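Colleague: I'm new to this one. Could you put it up and walk me through it?

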Amino acid sequence: MNGQYYANLLAQAREAVVQKRRGKLSRGVLFLQDNASVHTARVSRQALKDTGFSEIDHPPYSPDLAPSEYFLFSNLRKELRGRRFVDDNQMKMAVESHFDCK
C-alpha cells in the first residue's frame, strides 16, 4: 500500500458515507488513523482534507491506547524471560498455560 492507494480508499470511504449515511457528512465525520507512513504521506494528508473528515489525534505510543501491553503482557514477559523453546508449539503451550492460570 502506498499514499496514492490510501488516498483513493479515503475517497471511496467518503462516497460510502454520502451514499449510506445521508446527512452524516454535513454533521462531520471523525476519522482515526495511526502514524503509519501511508497515513502521514503528503498525498494522504491532502486526500483527508479533501474528504472533509476531521482527524482525531493518535499519539504513536500511548499507554492509554493499549493497556493490555502494559498490564496483561508484562507478567507474561516476566514469566517467559530467559526460557528457550524447541519449537512454536512448546512456546504456545507455555503461553496458554500462563493464561489458564489467570
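Colleague: Let's start with Met1: is Met1 buried or exposed?

Modeller: Bear in mind that this is a predicted model. Met1 sits in the segment before α1 (3-20). Its relative accessible area is 65%, and the cut-off for exposed is over 50%, so Met1 is exposed.

Colleague: Which residues make the nonpolar surface patch of about 330 Å²?

Modeller: Met1 is one of them, and we've just seen that Met1 is exposed. The full set for this patch is Met1, Tyr5 and Leu9.

Colleague: And how are the elements of the chain ordered from the N terminus on?

Modeller: There are seven helices and two strands to place. From the N terminus on, they run α-α-β-α-α-β-α-α-α.

Colleague: Where in the chain is confidence lowest?

Modeller: The mean pLDDT of the chain is 82, with 84% of its residues at 70 or more. Confidence is highest in helix α7 (residues 88-100), at 91. Where pLDDT is low, the predicted coordinates should not be read in detail. The lowest confidence, at a mean of 62, is in helix α5 (residues 67-70).

Colleague: A search of the whole structure finds one aromatic pair. How are the rings of Phe31 and Phe53 arranged?

Modeller: Phe31 belongs to strand β1 (residues 30-32), while Phe53 lies in the loop between α4 (42-51) and β2 (54-56), 22 residues apart. Both Phe31 and Phe53 are buried. Their ring centres are 5.5 Å apart. The planes meet at 20 degrees, and planes under 30 degrees apart count as stacked, so the pair is stacked.

Conventions
Residues are numbered from 1 along each chain as its sequence is written. This is a predicted model: local features need pLDDT of at least 70, side-chain atom pairs count only at pLDDT 80 or more; totals for chains, interfaces and linings use all residues. Side-chain values use heavy atoms; hydrogens and water are left out. Patches are made of residues with over 30% relative accessible area and no salt bridge: like charges are joined within 9 Å, nonpolar side chains (Val, Leu, Ile, Met, Phe, Trp, Tyr) within 5 Å. Accessible areas come from the Shrake-Rupley method with a 1.4 Å probe; for residues, only the protein chains shown count as cover. A salt bridge is a side-chain nitrogen of Lys or Arg within 4 Å of a carboxyl oxygen of Asp or Glu. Helices (H or I, at least four residues) and strands (E, at least two) are DSSP runs, numbered from the N terminus. Buried means under 20% relative accessible area, exposed over 50%, partly exposed in between (1.4 Å probe, protein chains only). pLDDT is the predictor's confidence in each residue, from 0 to 100. Rings of Phe, Tyr and Trp (its six-membered ring) pair if their centres lie within 6.5 Å; planes under 30 degrees apart count as stacked, over 60 as edge-to-face and the rest as tilted.
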